[in-house]
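Subject: The model we talked about

Hi,

Here is the structure for you to open alongside this note. Below it I go through what turned up, with the helices at the start and the loops at the end.

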Amino acid sequence: MRCCPTSTLHLLRCLRLRSCTRRGKSRLPLWIRELWAYMSLLVQSLYFNSLTDSDVVFDSVFEPVFWTVDYVTRWFGTVFVCLVVILVSSIVGIAYMVLLPLILNTYSPVWIAWHVCYGHWNIVMIAFHYYKATKTSPGYPPTEKNDSPFVAVCKKCIMPKPARTHHCGICNRCILKMDHHCPWLNNCVGHFNHRYFFCFCLFMTLGCVYCSISGRNLFLDAYKALETNYQTSAPPYTFKDKMIHKSIIYMWVLTSTAGVALGALTLWHAVLISRGETSIERHINSKETKRMANRGKVYRNPYNYGSLNNWKVFFGVEKRSHWLTRVLLPSGHTPLCDGLKWDVFPGGLLRCLLDLIC
């Protein structure tokens with residue numbers, strides 16, 4: 001009688017599985033074996049193929065740290081927005097209750113008109129762009145099947161990614177032309193609200209510089225007054241005078257420090273806009289430049305249309321009057337393109353160039 005090889009092989013597999021099961025039960029509990037299998041899988045995932053490099057290993061090891069930072073940033077986003085509103089409101093309140101009466105009583109009519117017009121214009125621009133930056137969606141790639149071109153597939157969303165699209169761990173989704181996630185906005189800075197974010201930083205910097213320069217003499221007088229008051233035994237100032245002096249000092253210190261910090265941030269983003277790149281693309285382009293240089297080639301940013309044209313595309317300027325209506329005045333216009341397709345010269349830019357030539 002001949003033995004069937006298939007039956008024999010099946011019998012050996014069953015005996016082996018049964019012996020392994022009994023051996024595992026006799027040695028370690030199930031939860032320990034599951035934990036050990038999970039940890040082994042994590043270790044093996046660090047070198048599972050030849051494409052693994054130091055960046056992949058770093059991201060894998062520090063994934064819990066990144067997750068914690070993302071969670072804390074997401075939770076503190078509302079707190080940061082409230083803090084911005086409180087600080088800006090306090091400066092505006094001091095300007096109306098303390099500085100404006102002094103301006104009306106001491107300055108000439110020309111200077112009064114200048115301070116009133118510029119101050120209110122600056123406040124309107126700050127409030128408008130901050131509100132739009134926080135409430136405007138940065139732009140998301142479509143989740144349904146369509147004919148839009150894409151350059152990769154997101155390994156977290158498992159969805160096609162158009163050009164210049166990156167995944168945000170805090171928002172937990174892909175963002176069109178993502179620059180960064182701003183906790184002060186509690187929102188991502190992407191294709192549709194990048195202009196609002198930059199204009200907010202720009203006009204906030206101008207407002208801080210304006211308050212710092214125009215209030216410098218008031219700050220020195222208030223500081224000397226408080227210092228003299230502390231050194232003398234008899235207080236020559238009333239409680240109201242002390243509060244006015246402290247308010248002026250608070251306003252000048254806050255606007256000066258914020259102006260320096262925001263000024264540096266605004267300048268950095270202005271350089272990036274002039275180069276036609278975002279904060280994320282800055283790192284990508286730097287790596288590509290080094291990689292191409294090692295091969296003896298020159299890397300060129302495909303989204304760099306020239307400094308002036310980059311600014312026109314960024315602000316959505318299609319004709320000369322738009323520098324006033326879309327840049328110096330509040331405007332809710334959308335960008336020239338949809339963020340899914342990026343041409344060398346978008347149609348709006350071509351019309352703008354033709355208008356300037358004609």
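Before the helix packing, one definition: a helix axis here is a line fitted to C-alpha atoms over the stretch in contact, and angles run from 0 to 180 degrees between N-to-C directions. Please also keep in mind that this is a predicted model.

**Helices and the annotated spans**

How do helix 6 and helix 8 pack? Helix 6 covers residues 194-214 and helix 8 covers residues 239-275; the angle between them is about 140°, and their axes are 8 Å apart. The crossing of helix 6 over helix 8 is left-handed. In the contact of helix 6 with helix 8 there are 14 nonpolar residues and nine polar ones, with no charged residues.

UniProt, in an unreviewed entry, gives the feature "transmembrane region" for residues 72-99, 111-131, 194-213 and 249-271. For two of these spans I can add some geometry from the model. Residues 72-99 are 100% helix and 0% strand, and the end C-alpha atoms of that span lie 38 Å apart. Residues 249-271 are also 100% helix and 0% strand, with 33 Å between the end C-alpha atoms.

Helix 10, residues 307-315, is mostly covered, with seven of its nine residues buried. Among the buried residues of helix 10 are Trp311, Phe314 and Phe315, and also Lys312. Just after helix 10 comes Gly316, with a positive phi near 75°.

**The cysteines**

You may wonder about disulfides. A disulfide is a covalent bond between the sulfur atoms of two cysteines. How many disulfides does the model have? The count comes to zero. The pair to look at is Cys154 and Cys174: the cysteine sulfur closest to that of Cys154 is in Cys174, at 3.5 Å, which is too far for a bond. The cut-off used for a disulfide is 2.5 Å between the sulfur atoms. Seen from the other side, the closest cysteine sulfur to Cys174 is the one in Cys154. Are these cysteines buried or exposed? Cys154 is buried, with a relative accessible area of 4%, and Cys174 is buried as well, also at 4%.

**Salt bridges**

Side chains of opposite charge can pair when their charged atoms come close. Over the whole structure, five salt bridges were found. One of them joins Glu281 and Arg164, with 2.7 Å from N to O. That pair ties together distant parts of the chain, 117 residues apart: Glu281 sits in helix 9 (residues 279-294), while Arg164 is in the loop between strand 2 (160-161) and strand 3 (166-168). Both Glu281 and Arg164 are buried.

Which residues share a salt-bridge network? Arg275, Glu277 and Arg282 are joined into one network by salt bridges that share partners. Here is how the pieces fit:

- Arg275 pairs with Glu277, and the closest N and O atoms are 4.0 Å apart.
- Arg282 pairs with Glu277 too, with the closest N and O atoms 3.8 Å apart.
- Glu277 is buried, with a relative accessible area of 7%.
- Arg275 is partly exposed at 35%, and Arg282 is partly exposed at 28%.

**Loops worth a look**

Where is Ile158, and what is its phi? Ile158 is in the loop between strand 1 (152-153) and strand 2, and has a positive phi of about 55° although it is not a glycine. Ile158 counts as exposed because its relative accessible area is 58%, over the 50% cut-off.

Lys177 is another residue other than glycine with a positive phi, in this case near 45°. Lys177 lies in the loop between strand 4 (173-175) and strand 5 (180-182). At 12% relative accessibility, Lys177 counts as buried, since buried means under 20%.

Last, Gly332 is in the loop between helix 11 (322-328) and helix 12 (347-357). Gly332 is partly exposed, at 48% relative accessibility. In sequence Gly332 and Lys132 are 200 residues apart, yet their C-alpha atoms are 8.1 Å apart in space.

Happy to go through any of this together.

Best wishes

How values were computed. Residues numbered from 1 in each chain as written. Predicted model: local features only at pLDDT ≥ 70, side-chain atom pairs only at ≥ 80, totals over all residues. Heavy atoms only, no water. Buried < 20%, exposed > 50% of the residue type's maximum accessible area, 1.4 Å probe, protein only. Helix = DSSP H or I, 4+ residues; strand = E, 2+ residues; numbered from the N terminus. Left-handed = near helix turned anticlockwise from the far one by under 90°. Nonpolar A, V, L, I, M, F, W, Y, C, P; charged D, E, K, R; others polar. Salt bridge = Lys/Arg side-chain N within 4 Å of Asp/Glu carboxyl O. UniProt positions renumbered as here; feature names shortened; annotations may be inferred.
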